[in-house]
Amino acid sequence: MKNLVVVGNGMVGQRFVEAVRSRDTTGEWRITVLAEEGRPAYDRVRLSAFFDGVSPEELSLHTPDDEVDLRLGEPVVSLDRERRVAVTGAGEYPYDALVLATGSYPFVPPIDGRDLSGVFVYRTLDDLEAIRDFAKGKRTGAVIGGGLLGLEAANALRLLDLSTHVIEFAPRLMPVQVDEAGGAMLRRYVEDLDVKVHTGAATTAIRPRNDGDVHGLTLSNGEWIQADIVVVAAGVRPRDDVARAAGIAVGDRGGILVDGTCQTSDDRIFAIGECAAVDGLCYGLVAPGYAMAEVVADRLLGGQATFPGADLSTKLKLLGVDVASFGDAHGTTEGCLDVTFTDPATRVYAKLVLSDDAQTLLGGVLVGDATAYPTLRASVGGALPGPPLALLAPESEGGGTGAGIAALPGSAQVCSCNAVTKDQIIGAIHEGCTDVGAIKSCTRAGTSCGSCVPMLKQLLAVSGVQMSKALCEHFDHSRQELFEIIRVRGIRTFSQLVAEHGRGRGCDICKPAVASILAALGSGYILDGEQAALQDTNDHFLANIQKDGTYSVVPRIPGGEITPEKLIVIGEVARDFNLYTKITGGQRIDLFGARVEQLPQIWRRLVDAGFESGHAYGKALRTVKSCVGSTWCRYGVQDSVGLAVALELRYRGLRAPHKLKSAVSGCARECAEARSKDFGVIATDNGWNLYVGGNGGFRPRHADLFASDLSTEELVRLIDRFLMFYIRTADRLQRTAAWIEAMEGGLDHLRAVIVDDSLGLCDELDAAMAQHVGAYEDEWRATIEDPERVRRFTSFVNAPDTPDPSISFEVERGQPVPALGERRPVTLGLPTMGARQ
Amino acid sequence: MTDTLTQQWTVVCPYDRVDPERGVAALVGGEQVAIFRTFDGSLYAIGNRDPIAGAYVMSRGIVGTRGDAPTVASPLHKQVYDLRTGECLDEPGVSVPVYNVRLRDDMIEISR
Ligand SMILES: Cc1cc2nc3c(=O)[nH]c(=O)nc-3n(C[C@H](O)[C@H](O)[C@H](O)COP(=O)(O)OP(=O)(O)OC[C@H]3O[C@@H](n4cnc5c(N)ncnc54)[C@H](O)[C@@H]3O)c2cc1C
Ligand code: SF4
């Protein structure tokens, strides 16, 4: 094994490590990461979300990897290139290859007073925490710098309730990205938010108060601006200090010089990300850094990749305003033409830069509405995807962006963060990706800044993927729409629904979906009247069908807690009915091999012993798994079993678009694996953290932190709403993970709906859950207590005492299992028995 | 095809023993038959064995329509069969046998 040392665990360093790990299948490299910051890599691009309440944990980009030795808070102080070791305060690390991913540092101009207490920079989570802490009780703030960073910082101060000033040396805001007219439009937006803008002004000094804290700024135009806190956002400089001291070549204006393979002047040392100057040029955006990371990962494993050059286009939302610039935004190409569009009423400004023959799109600027950005950016260098005005005017008129995407060349990059082209996405769609989530996991497109997601949807649409919401041939509606129709019109039967809103008599797709909706809207016992005809066989016989036509039985064991007496009953039932028993992943016991006519007898025994249905057969809550928690475990901080039992009893029987799983862990060690569940709860010293949208299965996904340190009451309220909102709005067979991924606005939107009640729905959701909890009854008890209901559990209508003769068992490891023998399934394509008469 | 007059009919069960849009299984001369009642009240009978999975489960499938065809979907892997012909509509070449079914004095009768 060779040693690979990575210096810096920022966005690019992290992506690099992931890229090597995913390609290095033979374990060629042993990786050590030496990181200056005390926390593992996080999403710096979304740094400002911290002030919207997004926790550092949610910004984390870190995926635990035992094979990588990550050393936090251990910066490299020097490189000994002779001996090939990286030196930190704690030791020396030998390398065969070393990758510098040290990023940038904020540039602070040499102004008097720059060291005063109360003057901050804006680069790391630590910076932001310090700003938040210092701002407590302060009234005014100033930001030096009116670029991208400066405006983000200004918004942060605003959110901290400070009256805010922005000082920009250039004559307009965001001089790098937008032109003068765009800057003017932007200024109007910003001033509307009560941020005072001073352009064309340099800061000459920062002055202290008597107590030494900052007091305010003097400007080159003589103005005095009082400020209790100052944030300097005057640009960044590449961190080439360690490389420079080691004698590695650096650029004239800083940055570690590298060639197209990201190699420095030392052929064992590479530089990637913001610290690298590729052919003399540094890039202050994450996408080029990611591209460099991929190049070096490829090279270290014998590949031949080179840096393809970078697209400096950006799209941002600053202070709530969409701003985008792409390609040659400033029109520096010779002979180019501008097409501009300004609408003071809607406050939209847009500019397209075209080649001298007006045929080729070179670049542009959008302020106020950046809907057209993904299409336009991907068209740079090619033909215009439509008439300029139709492209620029707000989407409602003409709605031309769909046509635009069809016209894009296949080589156009749709996702620039991850360098995914239109061809690659179309390829993924042809290989079976039928929704945005699938495209994301298959190509990585749309997983970083997300601005290309609308394009992914359009690509799905133009590829003819059944984007039609129609559930099946019987309904043109999506499940969500049917839910609303049934709820608002008060429809109680499938017949009424299909007669008024559909056609035909339904199928195995729409019938169970409608059955689930009717159940969720509180229509009682799921097998009465017409509803019986809607249920899948599992729901129809309240058990899980197995490959030989027998069923399995799963009694509920809330939280996985069970008394010895009940365990004995399960054992006796299994023995008496000759059932195969297995412990499930959900902490309960599954009894296999029950014939349909045995089900009521088995359940009579179970119900008498105090068991109830476990709904393993339903698209419903399955289990709430738990660890033993504070009752027994020496680490536990809360009673995880008690909560799990309470949650399982609250949500038992709740019918949903898909199965629902949950778990509760008694402390952060997470023994119950709550983060692999649709909703998972982890105890904290102060209460509970709620995670949502996890699942195991085909596409495993960790749940995301949704809210922290909740009281039990707050927790239950959020879960109530989460589940009810899911039940109302998800597609058929869409697990919560896919539901959240597909949701416009994602987790933030979900939080807005169920925490802040942004749709005014919470009362209804709460009421719906209250109705569910109040109306719950055990389906199996209700079944065995009613002879009419028991009647359907027969082998043959005309020979109820004859068991299905095709079912037989053999013994394996001391238990019955389906006998293969003559029941071996026929393979497709072989002649099949008796065609029609 | 057998002459209707000389056909052997087996009485199976009362009509109302089959719920609308559901099926029941019956033993007819040692063969397992799945009998269905559709929404309009018609009766259909097909072999109870799912030819793809090899298990005798067809009577427990969901009854519906595809276009004009009355259908049942296998409860195991959801392939859909035309109740009139026994043809599998999802897997060309796969089919189940169909049986004659009639109603006499409110009793369902099957012949092979
Ligand atoms: C507020 C803000 C908003 C942004 N918005 C956008 C945006 O919208 N779009 C966009 O594309 N980009 C944006 N960026 C820029 C983007 O964050 C950077 O391009 C990206 O983080 C660069 O990644 P990097 O790994 O090169 O550097 P960094 O993420 O800065 O990581 C470098 C790491 O190396 C560490 N380090 C430095 N020296 C040493 C040493 N000697 N030893 C060990 N460790 C060391 C540093 O502590 C740091 O953790 C934004 C940046 C900020 C601050
Ligand atoms: S999660 Fe914590 S409380 Fe629960 S078993 Fe593990 S260590 Fe103990």
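Hi everyone. Let me start with a term: buried means under 20% relative accessible area, exposed means over 50%, and partly exposed lies in between, with a 1.4 Å probe and protein chains only. This is a predicted model, where local features need pLDDT of at least 70, side-chain atom pairs count only at pLDDT 80 or more, and totals for chains, interfaces and linings use all residues. Residues are numbered from 1 along each chain as its sequence is written, chains are lettered from A and ligands numbered from 1 in the order in which they are written, and side-chain values use heavy atoms, leaving out hydrogens and water.

First stop, helix 12 of chain A, residues 436–443 (helices are DSSP runs of H or I, at least four residues; strands are runs of E, at least two; both are numbered from the N terminus). Here 6 of the 8 residues are buried, so the helix is largely enclosed by the rest of the structure. Those residues are Val436(A), Gly437(A), Ala438(A), Ile439(A), Lys440(A) and Thr443(A). What covers them? The cover includes strand 28, helix 11, helix 13 and helix 22 of chain A. Just after helix 12 comes Arg444(A), with a positive phi near 75°.

Next, Glu168(A), which sits in strand 11 of chain A. Glu168(A) is buried without a salt bridge (a side-chain nitrogen of Lys or Arg within 4 Å of a carboxyl oxygen of Asp or Glu), and the nearest oppositely charged side chain, Arg172(A), is 8.5 Å away. Its side chain does reach the backbone nitrogen of Ala170(A), at 2.8 Å.

Finally, chain B has 0 helices and 9 strands, and buried residues make up 62% of its 112 residues. Thanks for listening!

Notes: Contact means heavy atoms within 4.5 Å. Lys and Arg count as positive and Asp and Glu as negative; His and the chain ends are not counted. A polar contact is a pair of N or O atoms within 3.5 Å; within protein, one must be able to donate a hydrogen and the other to accept it, and residues adjacent in sequence count only if both atoms are side-chain atoms.
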